[in-house]
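Visitor: Could you take me through a close look at a single part of this model, and explain each term as you come to it?

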Amino acid sequence: MSPTTRIGIIGAGNVAARHAQVLSAFPGVRIAGIADTDLPKAEALAARYAAPAYPSHTGLLEAGGLDAIYVCVPPFAHGNPEHDALSCNLPLFVEKPLSLDQETAEEIAAEISRRGLPSAVGHHWRYLDNLPRARDLLDGRPVRLALGHWLDKVPPVDWWLRPGGSGGQVVEQLVHVLDLARVLVGEVTMVHAVPAGPAEEGVVDRATAAVVRFAGGAVGTLATTSLCGGKYRAGLEVHADGITLDLGEELLVVDGRTIHEESGAAKVRVDREFVNAVQGRAADVRVPYPEALRTHRLAGAVARSAAEGVPVVLDD
């Protein structure tokens with residue numbers, strides 16, 4: 001690897017732009033190319049970093065000279081970019097959700113493991129300042145009740161309301177909360193979800209509620225909706241013996257009184273640690289692809305339960 005770590009980005013939307021801004025501020029890191037099927041969009045983002053733009057991810061990969069790839073595409077576009085990047089033996093950072101289906105994510109995880117490549121997924125909540133504080137406060141106090149929620153508006157992208165575009169709110173947004181629940185409460189063994197009706201043909205469920213059972217004995221509820229005028233609430237509330245924590249991207253509230261604010265550094269840390277891994281340095285990558293796959297399976301189980309109207313039991 002050259003002294004400069006050269007990173008290619010597949011996708012040129014808002015999330016890709018955020019990663020590009022963070023990465024370009026790291027010493028010894030260069031944005032080496034940006035690809036998007038909307039070429040003017042790729043060109044506009046690439047111009048900020050004096051990088052070439054490509055109308056497809058294959059053009060970016062064929063140009064060569066890369067040390068790692070970021071895949072920042074809508075849920076429906078996952079699969080080929082990851083497989084093609086892995087065929088070039090490139091470390092991979094993938095934005096969530098991993099895919100619309102389970103099979104694609106399973107195949108990518110297997111190939112990453114086979115090649116022994118560094119990987120990371122954009123579950124930046126794992127890098128929140130308040131997550132270690134929450135774990136310390138819960139030490140010795142098993143959680144017995146967990147309440148997860150993502151109450152928000154429809155994001156301003158044309159694919160989000162289509163089942164074949166986003167996969168629905170559980171897969172596309174609540175997955176952050178599900179990942180947090182796995183950290184603070186443990187693995188889920190059963191979920192029973194129901195969507196609000198009547199369903200609109202060709203439109204994702206606008207609200208979903210679920211009950212869950214955790215391996216450690218805790219129970220929980222999940223609630224999502226995209227009917228709000230803006231982001232109303234997104235996070236995880238947990239109740240253990242003598243303590244209640246409410247954790248989200250911006251705050252940790254303890255017992256409804258003590259408030260701990262976030263520094264906002266989580267979105268920088270998730271990139272810094274992946275780059276450290278790519279550069280062969282000591283790295284704290286908290287969500288490599290195989291770990292994110294466990295959360296993706298859980299999100300898929302919630303979505304499947306809502307679609308089929310029956311409880312889903314998860315394998316340990």
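Guide: Let us begin with helix 6 (residues 130–138) and helix 8 (residues 169–184), which pack with their axes 11 Å apart and at an angle of about 40°. Helices (H or I, at least four residues) and strands (E, at least two) are DSSP runs, numbered from the N terminus, while axes are lines fitted to C-alpha atoms, for helices over the stretch in contact, with angles running from 0 to 180 degrees between N-to-C directions. This is a predicted model, in which local features need pLDDT of at least 70 and side-chain atom pairs count only at pLDDT 80 or more, whereas totals for chains, interfaces and linings use all residues. Residues are numbered from 1 along each chain as its sequence is written, and side-chain values use heavy atoms, with hydrogens and water left out.

Helix 6 and helix 8 are therefore oblique to each other, given that angles under 35 degrees count as roughly parallel, over 145 as roughly antiparallel, 65 to 115 as roughly perpendicular and the rest as oblique. On the side of helix 6, L131, A134, R135 and L138 meet L180, V183 and L184 of helix 8, where contact means heavy atoms within 4.5 Å. By class, this contact of helix 6 with helix 8 has 6 nonpolar, no polar and 1 charged residues; here Ala, Val, Leu, Ile, Met, Phe, Trp, Tyr, Cys and Pro count as nonpolar, Asp, Glu, Lys and Arg as charged, and the others, Gly among them, as polar.

The next element to consider is the sheet. It is an open sheet of 9 strands with mixed pairing, in the order 14-13-12-11-7-10-9-8-15, and two strands pair if DSSP finds at least two bridges between them. Strand 14 and strand 15 (312–313) stand at the edges with a single partner strand each, so one side of each is left without a neighbour in the sheet. Helix 6 packs on this sheet, touching strand 7, strand 11, strand 12 (243–248), strand 13 and strand 14, and its direction makes about 165° with that of strand 12. Helix 8, for its part, lies across strand 7, strand 9 (207–214), strand 10 (219–225), strand 11 and strand 12, and runs at about 155° to strand 7.

Within the sheet, strand 7 (residues 143–151) and strand 11 (residues 233–240) run antiparallel and are joined by 8 bridges, with H149 standing opposite G235 in strand 11. Strand 13 (residues 251–254) also pairs in the antiparallel sense with strand 14 (residues 258–261), over 4 bridges.
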